[in-house]
Structures are given as structure tokens and as C-alpha cells.
Amino acid sequence: MVSLATPVPAGFTDRHPTAAFLIRRTARMILLLLVLLVLSFAMIHLVPGDPVRAELGPRAPASAVEQRQAELGLDQPLHEQFADYVSGLFTGDLGISSTSKLPVSEVIAERLPDSARLAGIAFVVIMLLSLTIGMGAAVLTKDGRHSGSELAFTTTTGFFATIPEFVLGVALVYFLGVQLQAFPVAYEPGVAAYVLPVAALSIGPIAALSRIVRVETLEVLNADYMRTARSKRLPARLTYLRHALPNLLTSTLTLGGLLLAGLVGGTVLVENVFAWPGLGTTVVESVVAQDYALAQAVMLLLGATVLVINLVVDLILGLVDPRSTIKEL
Amino acid sequence: MSQRGLARAALRTPTGVLALAGVVLLTVLAVVAPMIWGDAARTPDVEHLLEGGSAEHPLGTDNIGRDLLARTLVATRLSLVLAVLTVLVGAGIGVPLGALPTVLGRRSARAAAAVTDLALAYPALLLAIFLGVILGAGPEAAVLALGIASAPAFARLTQTLAASVAGSDYIAAAHVLGLSRRRILFRHVLPNIAEPIILNVTVAIGYALLAMSGLSFLGLGVQAPSYDWGRLLTESLDRIYVAPEAALGPCIAIVVAGLAFNGLGESLAKAASTRTSYARPPAAPAGSRLAATLPVADDVPAADEPVLVVEGLTVTFPTADGAITPVRGISFTVGDGERVGIVGESGSGKSLTALSLARLVPHPGTVSADRVEFLGRELSGVRSTDRDRVLGTSMAMVFQDTTTSLNPALRIGVQLSEVAEVHGELRRSDARRRAVERLRAVRLSGPERRLKQFPHELSGGMRQRVMIAVGLMGEPRLIIADEPTSALDVTVQQQILRLLKEIGDETGASCLLITHDIAVATELCDRILVMYAGRIVEDIDAARLWKGPAHPYTRALLAAVPDLETDRSVELASIPGRPPDVADLPAGCAFAPRCAFATEQCRQEAPPLRIDETDSHRVACWHPQEGSVVTHQARVETEAR
């Protein structure tokens, strides 16, 4: 035990908690990225048997197999392969896709923007709507008021939160695309094509998140400082937007981070429903067709995206909320 | 409660019943469907290829003429089995990973927690791709991928649960007794965390089923000729224009299964979380409740230019066993510049009185009154912007808990200046200038600097000063302070009381101080209202209080006040008997059960608050007392002899 007479010398963490937190978090992400890098590199070596033989089929001539092996660099010693792999990442040389015979970097460059747009629009829609709906439901059902509305809200959101995005996508295609012919059911240039995929991608998360937002809001509305705010007789707009909303920021950001990471998976499913020419359809095709170079690159890209999102959210949380305990993690 | 009891509790809700029925139906289907419809699902029929719905084939047929309804029903088995396998893999990896740290050393515990954290950072789909590449796309890779992906969640849950069990006394005792770690894990830790984990497994099966369907839908899960619901859905998707009913079967099946498992898990969890809640107090006999809520007409004191006049103020809360009335028709006035203290035990209704004056009683409480006049303006009735302005600028509220009463996410400056901006229609710069002035008025050092600070950067006493400054941003005529010093330490208490007194002197504002401490009230106030069980039992000048109050309850409160001479080694005097239960009040005087002077009249008939022969003293008692109170110290000495 430290005696009271000798003060403990303040460490770096105590003197610069924010800086220490930034450093720790960034170091953690670099570690996670390295794990991802090694896994994606090791993937092709873990395939049982000869991956190139599996890719080209049993009837491919030995010369073709050797040529593809050389293409993938599999004839080199392991450490050189890894060095080539890492340097390739920096020069943009990610190998050649076996299905399309195009450079992997070209395939990704072509497919990524459509996926990113889809996920980005869905993210904004989800955050706006779930905050609005969740806060609205909380204000309506505060202190056990309108128990009928509360039941309707929890039942409806519970239902939509359970339906997976691909089933929802199929249902939307049928009702709004086939029956009403209101929106395109597959990718085409223009805004209209985004309506159904974005809806399929966002309805479930909106339902799930607005439930959480409602509970969080109820807690905030019951806080003593909201009573203080009410005692000031501010207009409702100020009471809710200025006094309640900032206190929802921490949980909203945390949810937003989880949501973005989850959207990476959801986008893959929805893209397949709507024949969307994005990374999601690409990665599924590449796994089924055993196109290793492409699968490897997409996995690395999606994984890195998720990690970067997590880091950014954590950093914002740590900086925005002065009392956040996340710094201690 | 046993597992069976838990299930029974879950079945009390309609959701629980429906969800359990769904799970049972799916399980039965999984067993019998392949036996009954197996042939129909397997047999090709070249005369009915790719048909739409018909009487013979309600959902149509597939590309070699097999009945799609039969295939959907038969697919229940594979869909369910894969989901259960996935959860087994997930729990099989996750639970040991999460339980080990509690019985291993600290270093291993940290390592295991770190592994869990790392794994949680990657989404399930990445693992599915990774394993799909290595093992080839198929159900094995999908089960393993989803299982591994769900393991961190199980590990985290187990870790949390086990950590709470491991900290308990009997685990400590087991360590002392020298039991092996393995034995502790299996005999003590796991049995105690089994139930929440089983709950989680139910929900996890639902999620696994949805996720597996998703992977099969993508072509990364079940491969032809096998089929589950996801695979059936993929096969029907390109025919959605011509035969939408083909997609209907698997869609409904997936949704029903997801709802059933999640619904059951949720109902079980809800049943588990509510069963520890306390039983409601027994309902009071209807007669006593009615008698207790009957209004007793109080004398209304006369006052010159009162700031606040309250007549017949009543606060009622509906409960499951009928309405309770914590404040029962009280009447009082606060004069211009007068400082009035409301004193009472917790539950006496004093805080609700304060909140009802400020129209802040939480729902579902209702406030009624014959008259509540503030600055000559009637406050009861409908809300209006006019009334809001009067309350916002002329009535200031100071609350007890300084850590929670200021908004933690807003700077001090905003919390001060908004009052002036909204009600005083001041420009932002003028409002800020006033905020600095008011912070100076409450003797807060460096007011300009404080505006940019957050509440958590200030001490409790400083925060209470800020709270008072917020009230001063308008032009308050009445400051309502609800236990303003109770959360502060003694020296700070004195500073805040002195500040309230000075503010009153400087601004001429009246003050209504709510406190449980009669000593605090006498320090600040000119007049004391003593509340008991929702009624004012005595209304007395502070100066006269020490000469001897009339009500036995006030006398008892006063006798319990320790002073400097009090021997702290002797237990403080307390009032015998229990504080009253507002849900179950006697017909007569609420204090009668604890009162030494109570007679049959006291027990039968509630005494009204009557003006004493002197002009300002009111007391509600059939047997008012006289003379100064025997102090605590004197009584102790008498008893010692």
C-alpha cells in the first residue's frame, strides 16, 4: 500500500489522459489491422490441397497451374510472399482476379463507390429517422403515458427489427417493385434505384435503434437536470433539442458505430437482392468461384473499414464526452 | 424461482404464449415434416415445372416440378439444426473462454479478455468469407463461421456474469477452503450463471437462424441439392415477377422462426428480471382511504401583499390499488420578502408541495387547488405562455442534488443565459453579461471563466451557487429551495444558507425553503410550516418556536435537534413509532398513533388547522401543548438519574 506521506508521482496517463487514450486506441487498431493482414495473407495458404488446382479445376494443364502459381507468387518462399503482399498493398498491386482477368484494384475501384453510396445513404437515413422516432416515442410515452402507443411502438419495432434485410428486400421488391411498379427493382443509374435497397437496408436498423433511443431518452427525460430545464419554462424545442439531445450523444455515437459496422454485412445481403454492382456481390461471387486474390483484397478492405469506423467512433466519444469512461478501457 | 416457474411467468404475457407456441410448432415440424412431406419435396414432376400457386401446389413448383410448400416445410429441419449447431459452437467456445478468467490468475484473465475484445472487433461476415475461402462455400464453413463469430458475445456475457459470482462470499470461502479452481468453476460458478446463459441461447438460436438463412441466400451456406429456407428463397427470387408465391413460403418461415425464438427469449428475460421486484403493499381498506382524503377546511391566514397564496392544495397519484394523496388540501401564504420553511420527514409531502407550486409534479400526479395565486395571478388551470413567462422569470427553483440538477452536457454559460434570452428577450451578448453579474452575485470566483466550464468541473458548493444564479437570471420574487443544503458538507451548508439570506436581503425576494432539518429552517426562516402526512400541522413564527410550539409533533421534532451540548455518545432522540404511510392513513389525526396525548377524538376526527388566539399562529391539534420543549439533553440527564 502506498503511504499517504509520499505522493504517487503522476504518470503520463494521469497528466495527459486524452493523449494517452489516443495513443492507446491507435496502437490497438494497428494491432488489429496487423492481425487482419496476416489472416488475409494466410487464408490462401490454409486452403486444404492445392488452391490453384482447386481454382482452375482438375482438368487444367500443369503449365497453366504453374503459370497461375507464379502469378499469385506461390512459388516464392513464404516470407518473400508476405513482403510482396504488403508492398503490393501500398503500390495498389493486389494481383489479378481469376474470374474477370482484371487487376483486383481495378475491380475494387469500380465496385466500391456504389457500395459506399448505398451504405452511406442508409446510415444517414437510419440515424435521422431512429433518433426522431425514438425521441418522439419517448416524449409520447414518458411517465407511463399512452400505454397503448407504447405497446404499438414496441410491437411494431420488435417485428421489423427481427425481419432480416434480405427478406425485407424481397418483400419490397414484390410489393413496391412488381405490384405497384413504383421503383426499380435492380440497379440502374439514377436516384430511384436507391429507394428500395436503402429501405431494405434501413428499416430493420431503424426499428432496432429507435427502441434503444426511446429507452435512452426516457432515462434522460427523467433526469433531475430535465426538471431544472422545465423549471426554466423554455419552449419545448429548447427543452428537448438543447437539454435532452446532447445527453443522448454518447449513446447515439456508440450505436452509430455499431450500426456502420453492421451495415457492412447488411449491404452484402441487400446488394445480392437488388443485383447491385457493389463490393457485396463481388465478394460473394469471388468466394463461390474461389477467386482468392479478389476475396483476399475485399476481406482486407471490409475488415479495415470496420476497424477504422470503430476507432473513429471511439475517438469522437472520448473527445466529445468529457466524462466518458471509455478512456479507461 | 425454478426454471419451470420462470417459464410459467413468461407465459403470462400474450407474446410469451405466441412465441412458445411458435417454437413448439417449429420443433415438431423439424421432427415430423421430412417423414410426412419428404416424398413430395423430393419427387420431380416433369408435367408441372416452374408453376405458380394452384390448389394442388399452393406455393407452386420449382424447376423440376417439386412442390414448394412441401420443400418449405421439410426445410425446417435443416434450418433449425444448423441454427442449433451454430449456437452450440458459439457457446462451446465462448462460455469456457469467458468463464476461465475468473478461475485463472489475473494475467491470464487479462489475456482472455483482450482476445474477446479483439474478436468482437470483426464482423461475422468477414469470418464467413474467410472460412468460406478455406473450407469452400458450404454449411460446415457457415456453421463454424457464425459459431465463432457469436463466441465473443457469449464470452463477454459469461465473463460479466462469472465476475459477479466470483466476487461473492462463497467463492471467496471456497478459495480459502483450498478447493481447486476446476471444482470452483464447475460446482459454484457455472451453476449460478446457467440461467441467463440459457436465456441468451434461446435468443442466439433466433439470430443464428436468420444469419444462416442469409448466408444460404447468398450462396455461402447450404449448397444444392440440400436446401434450407435461405436457399429456397434464393431459388425463387428470379421468378418473383411470374410466381411471387414461391418466395412467400421461405419468407414467412424465416420471419416466424425469427420472431418465435427472439420473442421467447425476450419473454423469459423479462420474467427473469421482474421476479425479484418487491410485492406491492397490501391494499388499504377503502373506508380509511376515503376518510383520509376528505378535505378538512383550514383557516386561511391573512397577509399583506402576499407573493404566494395557496388554498386547498391537493396532489393525487393514481396507483394500482386506488389513488393516494400525498398532499391533502393545504393552505398557506408567503408574504413579500418573507422567508418560510416547510419542515417534515420524508414522505410528508413537502417536496411535492414545492413541485406543485412550480407546476413540475411528474405524471401521473394531478394537482388541484381552490386557489394558487402567485404575484396576484392565478396559477392553476391551463398552461399558457404568459404563465410560463411569470414562472420562468419570477419563480426560481433550487434543487437538492447538485450533481444531477445541472445539465452535464451544457456549459454553465448556456444554462444561465438561456433564461434571460427566452424570457427577458435579451440578446446573447447581453444575456452573457448578465450571467457574469449573477455569478458574481452568488460569490463565485472568476465568473467569466466559469461560463465556459461544464458542471462536472465544479465542486458541489460551487454548483449550488450556479443553480441559485440560474434562478437569479430573471427577476425572482420567490425562490423555492428544495433541500438546497442536504447534499453538501456542513461548512458549505452554512455558506449556501448565508448566501440565500443575503440574496433575499439584496433582491427582496421571498423564499420557500423545504427541509427535513428544523434547525436549518430556523436559521434562515421567519416562519415555519410543519408538515405531517400531507397536511400542515403547525404554522408558527420562528422566533416563537423555541418558546414552545403547540403541536406534539413539532415538539417532538424540536426535542430531537442536537445542540452543541448534546452528548454525541448517547443515541439521538427519535420519535417513537413509524412515519405514516400515505396509502393507509387513519380516519382521525395522522399523528395520533405516535402521539402521547392522543384521545378517542384524535383517532376519530381529523383536527382542522385553526388560527390560535394570536394572529399568525395556526395549529391542527385537539390537544395543543404549551411551554418550552424539554430538550434532548435534559431528558437524557433525567433518565440517567
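These are my notebook entries on a predicted model, written for someone meeting it here for the first time.

**Entry 1: the fold elements**

I began by listing the secondary structure of chain A. I found 13 helices and zero strands. Reading from the N terminus, each element in the run is α. I then looked up how spread out the chain is. Its radius of gyration is 25 Å, while the globule rule gives 20 Å for 329 residues, so chain A is more spread out than a compact globule. I also noted the span of the C-alpha trace along its principal axes, about 85 × 75 × 30 Å.

**Entry 2: inside and outside**

Next I asked what share of chain A counts as buried. The answer is 45% of the 329 residues. On the outside, I noted about 15700 Å² of exposed area, with carbon and sulfur atoms supplying 67% of it. For charges, I wrote down 22 positive and 25 negative side chains in chain A. The centres of these two sets lie 17 Å apart.

**Entry 3: contacts along the chain**

I looked at contacts in chain A between residues at least 6 apart in sequence. Of these, 72% join residues at least 24 apart.

**Entry 4: a ring pair between two helices**

I searched the whole structure for aromatic pairs and got ten over all chains. I picked out A:Phe41 and A:Phe82, an edge-to-face pair with 4.9 Å from centre to centre and 70° between the planes. Where do the two partners sit? A:Phe41 is in helix H2 (residues 17-46) and A:Phe82 is in helix H5 (residues 78-91), 41 residues apart, so that distant parts of chain A are linked. I checked their surroundings too: A:Phe41 is buried, at 11% relative accessible area, whereas A:Phe82 is partly exposed, at 28%.

**Entry 5: a ring pair between two loops**

My second pick was A:Tyr187 with A:Trp276. Their ring centres are 4.8 Å apart and their planes meet at 85°, so this pair is edge-to-face; the cut-off for that label is over 60 degrees. A:Tyr187 lies in the loop between helix H8 (165-179) and helix H9 (192-221) of chain A. A:Trp276 lies in the loop between helix H11 (236-273) and helix H12 (279-288), so the pair ties together parts 89 residues apart in sequence. Is each ring's residue buried or partly exposed? I have A:Tyr187 down as partly exposed, at 30% relative accessibility, and A:Trp276 as buried, at 1%.

**Entry 6: back to the first pair**

Before closing the notebook I returned to A:Phe41 and A:Phe82. Ring pairs link these two and A:Tyr85 into a cluster.

How values were computed:
Residues are numbered from 1 along each chain as its sequence is written. Chains are lettered from A and ligands numbered from 1 in the order in which they are written. This is a predicted model: local features need pLDDT of at least 70, side-chain atom pairs count only at pLDDT 80 or more; totals for chains, interfaces and linings use all residues. Side-chain values use heavy atoms; hydrogens and water are left out. Helices (H or I, at least four residues) and strands (E, at least two) are DSSP runs, numbered from the N terminus. The radius of gyration is taken over C-alpha atoms; the globule rule is 2.2 Å times the number of residues to the power 0.38. Buried means under 20% relative accessible area, exposed over 50%, partly exposed in between (1.4 Å probe, protein chains only). Contact means heavy atoms within 4.5 Å. Accessible areas come from the Shrake-Rupley method with a 1.4 Å probe; for residues, only the protein chains shown count as cover. Lys and Arg count as positive and Asp and Glu as negative; His and the chain ends are not counted. The place of a charge is taken as NZ of Lys, CZ of Arg, CG of Asp or CD of Glu. Rings of Phe, Tyr and Trp (its six-membered ring) pair if their centres lie within 6.5 Å; planes under 30 degrees apart count as stacked, over 60 as edge-to-face and the rest as tilted.
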